[in-house]
Amino acid sequence: MACESSSVRPTSLLLLCFLLGTASAQLSSTFYSTSCPSALSIIKSGVNSAVSREARMGASLLRLHFHDCFVNGCDASILLDDTANFTGEKNASPNANSIRGYEVIDTIKSQLESKCPSIVSCADILAVVARDSVVALGGPSWTVSLGRRDSTTASPRAANSSIPPPTLSLNGLISAFSNKGFTAKEMVALLGSHTIGHARCTAFRAQLYDENNINAMLATSLKANCPSSGGDNNLSPLDITSPTSFDNAFFKNLQTQKVFLHSDQQLFSGGSTDAHVNAYSSDSGTFKTDFANAMVKMGNLSPLIGSSGQIRKNCRKIN
Ligand code: HEM
């Protein structure tokens, strides 16, 4: 159709193509097969060595892709460093002192640049790294479509408004994900990511001290590590049972109120998403399949393709 073939596209057609989602149809799993055949293996070994050094890094790298894609699409905008005359997304409130893994991406990118200069985009690296991280921690695999290009801009304002905060109600969560085209069920599957990784005390202090829906024993032990003031950066595992294993334990924790982010417990609080939590809790295969499909969908959010954007040589700065 004209979205794929026409080189001269009037704005109205571009808009139609965008609405039909055909931009993502131009991504392809074989995009680097001839231009950089070792790309996927370079990325996988970079992820595996980072995760074997520190298992939590797999969680941090998965989250990096989410915080990239929800802010004007999967375009590696999150990787741009601030400079004297440019303010990127790294210091926006959902990211500052929280997002990790930039150095892992740098290492992978420099290996790719020495093998195939200016070929593999930072946005594609993030998408493949997220998949390989989940696999490294025992989660499902999926095919990543490739051919995303890198932004030449970033938006701290969009980072602040597009990434949902942990204070949201269930309705707020549903509408934040619906704004990006996800159903409530897909949202529940994606939030199953909180079966790995850690959160800082500052992210859950209010839930811990002001609400009474955390399992009492868990609350006591969390308070020892997260005082009512101070200790902002003290970490607790999001899944207290198996924080380095990508399984469905998160959903079992929700059923027994053994989670501590306000937004997480909202998924199982007598509302419309309880049924999805119950289904994923009792069937880890369904969770993993739905999670993988939702990750493919997330990775296809508004990619830059064709001649839009660029292939950055250094993920931290535009060429
Ligand atoms: C409503 C949506 C979400 C909210 C409110 C939320 C909130 C949070 C918060 C507050 C943290 C702890 C950050 C810190 O303390 O520094 C966190 C960690 C994490 N989030 Fe989410 N998140 C959401 C959705 C997602 C999604 C969709 C994914 C992945 C697809 C994801 C993956 C993770 C991972 C893996 C971690 C642990 C990171 C690490 O250990 O470095 N989150 N999230």
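Trainee: What makes the pair formed by a nitrogen atom of the ligand and an N or O atom in the side chain of His194 a polar contact?

Mentor: In this predicted model, the nitrogen atom of the ligand is 2.9 Å from an N or O atom in the side chain of His194. A polar contact is a pair of N or O atoms within 3.5 Å, so this pair qualifies.

Trainee: Which polar side-chain atoms of Arg56 and Ser98 lie by an oxygen atom of the ligand, and at what distances?

Mentor: A polar side-chain atom of Arg56 lies 2.8 Å from an oxygen atom of the ligand, and one of Ser98 lies 2.5 Å from an oxygen atom of the ligand. Both values fall within 3.5 Å and therefore count as polar contacts. The shell elements that give two or more residues are α5 (56-69), α9 (170-178), α10 and β1, and α5 has the largest share, 5 residues.

Trainee: Why is His194 called a donor of the iron atom?

Mentor: Atom NE2 of His194 is at 2.1 Å from the iron atom of the ligand; the limit for a donor N, O or S atom is 2.8 Å from the metal, so NE2 is a donor. The protein supplies no other donor to the iron atom. Water is not among the atoms, so the site may look incomplete. His194 itself is found in the loop between α10 (184-191) and β1 (198-200).

Trainee: How do you know where the ligand sits?

Mentor: The ligand sits in the largest pocket, which means that more than half of its atoms lie within 2 Å of the grid points of that pocket. The largest pocket has a volume of about 1200 Å³ and is lined by 49 residues, with Arg63, His67, Pro164, His194 and Leu261 nearest its centre. By class, that lining has 24 nonpolar, 18 polar and 7 charged residues, and its largest share, 7 residues, comes from α5.

Trainee: What makes a cavity count in the search of the whole structure, and how many are found?

Mentor: A cavity is a set of points where a 1.4 Å probe fits but cannot get out, and the search finds 1 of 30 Å³ or more. About 60 Å³ of space lies in the largest cavity, with helix α16 (residues 284-299) giving the most to its lining, 3 residues.

Trainee: Which residue makes up the charged class in the lining of the largest cavity?

Mentor: The lining has 5 nonpolar, 5 polar and 1 charged residues. Asp, Glu, Lys and Arg count as charged, so the charged one is Arg148.

Definitions and conventions
Residues are numbered from 1 along each chain as its sequence is written. This is a predicted model: local features need pLDDT of at least 70, side-chain atom pairs count only at pLDDT 80 or more; totals for chains, interfaces and linings use all residues. Side-chain values use heavy atoms; hydrogens and water are left out. Donors are N, O and S atoms within 2.8 Å of the metal (3.2 Å for Na, K and Ca); water is not among the atoms, so sites may look incomplete. Helices (H or I, at least four residues) and strands (E, at least two) are DSSP runs, numbered from the N terminus. A polar contact is a pair of N or O atoms within 3.5 Å; within protein, one must be able to donate a hydrogen and the other to accept it, and residues adjacent in sequence count only if both atoms are side-chain atoms. On a 1 Å grid over the protein atoms alone, a cavity is a set of points where a 1.4 Å probe fits but cannot get out, and a pocket is an open set with protein on both sides within 12 Å along at least five of seven lines; lining residues have an atom within 4 Å of a point. Grid points are joined across faces, edges and corners, and a volume is the space filled by probe spheres set on the points.
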